[in-house]
Amino acid sequence: MLDRKLLQRRPEVVAAALAGRGSSLRVEEFTARDERRRSLLAQVEALRKERNSISALVGEKKQKGEDASSLVDRMSGVNNSIRELSRDLEEAEAGLEAWMLQLPNIPHESVPPGRDERDNPVLHSWGTPPVFSFPPKEHWELAAGLGGLDFDRGAKLAGSRFTLYLGWAARLERALVNFFLDVQTREHGYREILPPLMVNARTMTGTGNLPKFAEDLFKIEGRDYYLIPTAEVPLTNIHADEVLDEALLPLAYTAQTPCFRSEAGSYGKDTRGLIRQHQFTKVEMVRYTHPDASFSELERMRGHAESLLQRLELPYRVVTLCAGDMGFASAKTYDLEVWLPGQDKYREISSCSNCGDFQARRANLRFKPAGGGKPEYIHTLNGSGLPVGRTLVAIMENGQREDGSVALPKALIPYMDGVEVIAGAVSL
RNA sequence: GGAGAGGUAGCGAAGCUGGCCGUAACGCGCCCGACUCGAAAUCGGGUUGUCCCGGAGACGGGGCACGUGGGUUCGAAUCCCACCCUCUCCGCCA
């Protein structure tokens with residue numbers, strides 16, 4: 001949610017930002033709605049003031065035992081007006097609120113302009129894509145020889161975009177989760193959280209997943225429960241409606257959770273393999289920071305994600321998302337793209353965003369400044385560190401050998417009971 | 001699911017025979033000051049949020065908020081109804 005004051009005082013700033021994002025919302029609509037709301041509010045408040053003073057007079061008279069019936073008569077007229085105008089005011093407020101919830105965040109000034117992913121500049125690259133003496137396979141082709149990933153039975157059990165992991169693949173999934181959490185908690189200072197996997201609409205609204213993106217979510221029928229599409233949702237809402245001491249900042253949380261996504265808009269995309277699933281495991285990072293620190297904290301958090309890829313010896317590059325390609329709630333986003341030899345291209349594996357105060361306004365996340373003063377909105381950041389399925393894909397494709405086996409990164413071997421190579425004969 | 005208790009400021013807690021008690025008693029915490037070489041202890045003072053109007057600003061005027069939403073009433077933290085959540089006991093359950 002954007003600051004109403006900003007929309008009131010500098011509508012041109014918001015208009016320019018919306019245009020840069022390719023949004024069709026028009027700021028003039030805010031102005032019209034807000035003016036109507038404020039005019040109604042002024043009327044209602046004046047009437048309420050009158051009601052309060054009459055009511056006080058009635059109280060005095062009654063206490064003295066005097067007759068107050070003329071005042072009581074006058075009050076019924078005032079009350080009727082209040083009732084009518086309040087109804088209009090409520091409608092105006094609700095309409096404005098609904099409109100505001102549709103507004104995306106404003107890109108930070110350092111965000112490059114652009115329409116879509118083709119306009120995302122590469123910040124830097126790490127590692128060298130491996131050279132193979134044979135045509136590298138995609139991960140699902142490798143899995144056909146190695147077992148471990150049973151796409152057919154996943155589909156039988158649940159449907160398309162569900163996969164059954166067996167043996168080494170299930171074990172590798174668990175190894176990656178443990179590896180990621182160990183690094184994040186021991187070395188990067190994150191506190192491990194195990195949040196609910198279902199949350200209510202209020203929580204989904206806090207992060208910006210509702211009301212606009214209901215289509216992307218799985219909802220429990222007949223109940224106010226939604227399956228989380230990422231741990232960002234519960235982690236960012238942990239302190240909703242709280243006022244934290246400034247001394248607590250920055251807070252850093254991590255959690256590994258299944259993520260559930262309907263993938264409603266992606267029919268036909270990535271239909272084979274693990275790249276795009278309805279359910280996948282992800283380790284997420286969330287940071288709550290002082291407003292002055294959020295952009296430096298974004299760099300730090302991106303470093304945490306990069307560190308994981310480096311330890312896994314996976315070549316990647318970092319791109320800065322252009323204004324037109326950024327997510328709804330983000331003020332600035334870096335994507336980490338890992339090299340996939342089977343696809344012969346870089347594919348997104350981590351997204352690190354600074355949402356500024358956008359989510360904090362929705363979720364009512366504030367801190368009390370150390371020197372005293374009014375509560376201020378916290379800045380929230382989130383990043384994947386890392387999604388487990390896509391990491392498993394990258395490990396398979398980058399570590400593949402001519403015989404169809406897969407050499408594991410050294411960092412994972414302790415987590416795999418010393419197994420160094422996944423081959424057909426491996427039994428885990 | 002059944003029975004009972006409760007949801008008030010950052011935290012704890014009073015108020016709940018309806019009207020100067022909601023800038024909300026009292027306690028803790030926090031901030032400023034005194035004492036001290038300094039600190040602790042002690043003493044004095046301060047400390048809700050939000051929205052609207054006016055003002056460059058210090059600030060001034062007003063509305064709202066006692067879990068949420070309704071209702072009764074001239075007037076509701078206080079009475080009534082529904083719902084949500086927490087705690088205790090019972091039942092059921094991994």
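The following dialogue explains how to read the RNA-facing surface and one helix of a predicted model.

Reader: What conventions apply to this model?

Author: Residues are numbered from 1 along each chain as its sequence is written, and chains are lettered from A and ligands numbered from 1 in the order in which they are written. In this predicted model, local features need pLDDT of at least 70, side-chain atom pairs count only at pLDDT 80 or more, totals for chains, interfaces and linings use all residues, and side-chain values use heavy atoms, with hydrogens and water left out.

Reader: Which residues come nearest to RNA strand B?

Author: A residue is near a strand if one of its heavy atoms lies within 4 Å of it. Around RNA strand B there are 21 residues, of which Lys5, Arg38, Ser55, Met75 and Arg366 come nearest. Of the RNA strand B atoms within 4 Å of the protein, 74% belong to sugar and phosphate.

Reader: Which side chains have a polar atom by a phosphate oxygen of RNA strand B?

Author: A polar contact is a pair of N or O atoms within 3.5 Å. Arg38 places a polar side-chain atom 3.0 Å from a phosphate oxygen of RNA strand B, and for Asn79 the distance is 3.3 Å.

Reader: Which element gives the most to the surface near RNA strand B?

Author: Helices (H or I, at least four residues) and strands (E, at least two) are DSSP runs, numbered from the N terminus. H3 gives the most, with twelve residues.

Reader: How does one read helix H10, and what follows it?

Author: The expected span is 1.5 Å times one less than the number of residues. Helix H10 (residues 294-311) has 18 residues and reaches 26 Å between its first and last C-alpha, close to the 26 Å expected. Just after H10, Glu313 takes a positive phi of about 60°.

Key: Polar contact = N/O pair within 3.5 Å; in protein donor to acceptor, adjacent residues only side chain to side chain.
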